[in-house]
Amino acid sequence: MSRAVLSIGSNLGDRLAWMQSAVDGLGSAVRAVSGVYETEAWGGVPQGPFLNAVLVVDDPAADERHWLRRAHELEQAAERVRTQRWGPRTLDVDVISCRRADGMPVRSDDEELTLPHPRAHLRAFVLVPWLSVEPDARLTVGDRSRAVQDLLDDLDPAERDGVALTDLVLHRREWPARVGSN
């Protein structure tokens, strides 16, 4: 495995700082960072709005379980408390999709990890930022690979319009080259 798409979001405390902590925590694996979007909370639990972004990460040594572990470690470092499904949180990191080095998408359907993310195709707050960094992105829904743009077009216009680009920015840090790399 080498590449994954991660969705990050926050609606508690210093939302941008929590999200920046995820970008920083992933370090040199971060290849692309979307703009920061604000959306109303999804899932029916009354709470404040979220900031959302998408990260494209790459590490030839990482598999899908590595990205899930990293997501949980980043959430734990941000003091995330899991008390209510779809409730407020300092940091939410979801693994949306993974691709092996040969470009083949990874599928997983177990208790711990479902890939591709089972509801990503229904969430404009994932699709809009993703398209901003990968205009030709594709996501497997069921047994069919679909253009993310088509998935976004299938959503209710109100859902799409509820994803507002902010002037906030997440910074991808420059990391020193690894010893022995060209």
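This tour moves from the whole chain to one residue, Arg 65, and its surroundings.

The model is predicted: local features require pLDDT of at least 70 and side-chain atom pairs pLDDT 80 or more, whereas totals for chains, interfaces and linings use all residues. Residues are numbered from 1 along each chain as its sequence is written, and side-chain values use heavy atoms, without hydrogens and water.

**Whole protein.** Select the full chain and colour it by secondary structure: five helices and ten strands appear (DSSP runs, H or I of at least four residues for helices and E of at least two for strands, numbered from the N terminus). The radius of gyration is 16 Å, close to the 16 Å that the globule rule gives for 182 residues, so the protein is as compact as a globular protein of that length (taken over C-alpha atoms; the rule is 2.2 Å times the number of residues to the power 0.38). The C-alpha trace spans about 50 × 40 × 35 Å along its principal axes.

**Arg 65.** Next, select residues 64–77, which form helix H2, and pick out Arg 65 within that helix. Arg 65 counts as partly exposed because its relative accessibility is 26% (buried is under 20%, exposed over 50%, partly exposed in between; 1.4 Å probe, protein chains only).

**Its partners.** Now add Ser 108, Asp 110, Glu 112 and Leu 113, the residues in contact with Arg 65 once neighbours within four places in sequence are set aside (contact means heavy atoms within 4.5 Å).

**Arg 65 and Glu 112.** Finally, keep this pair alone. Their side chains are joined by a polar contact of 3.2 Å (a pair of N or O atoms within 3.5 Å, one able to donate a hydrogen and the other to accept it; residues adjacent in sequence count only if both atoms are side-chain atoms). Their C-alpha atoms are separated by 9.1 Å, with the residues 47 apart along the chain.
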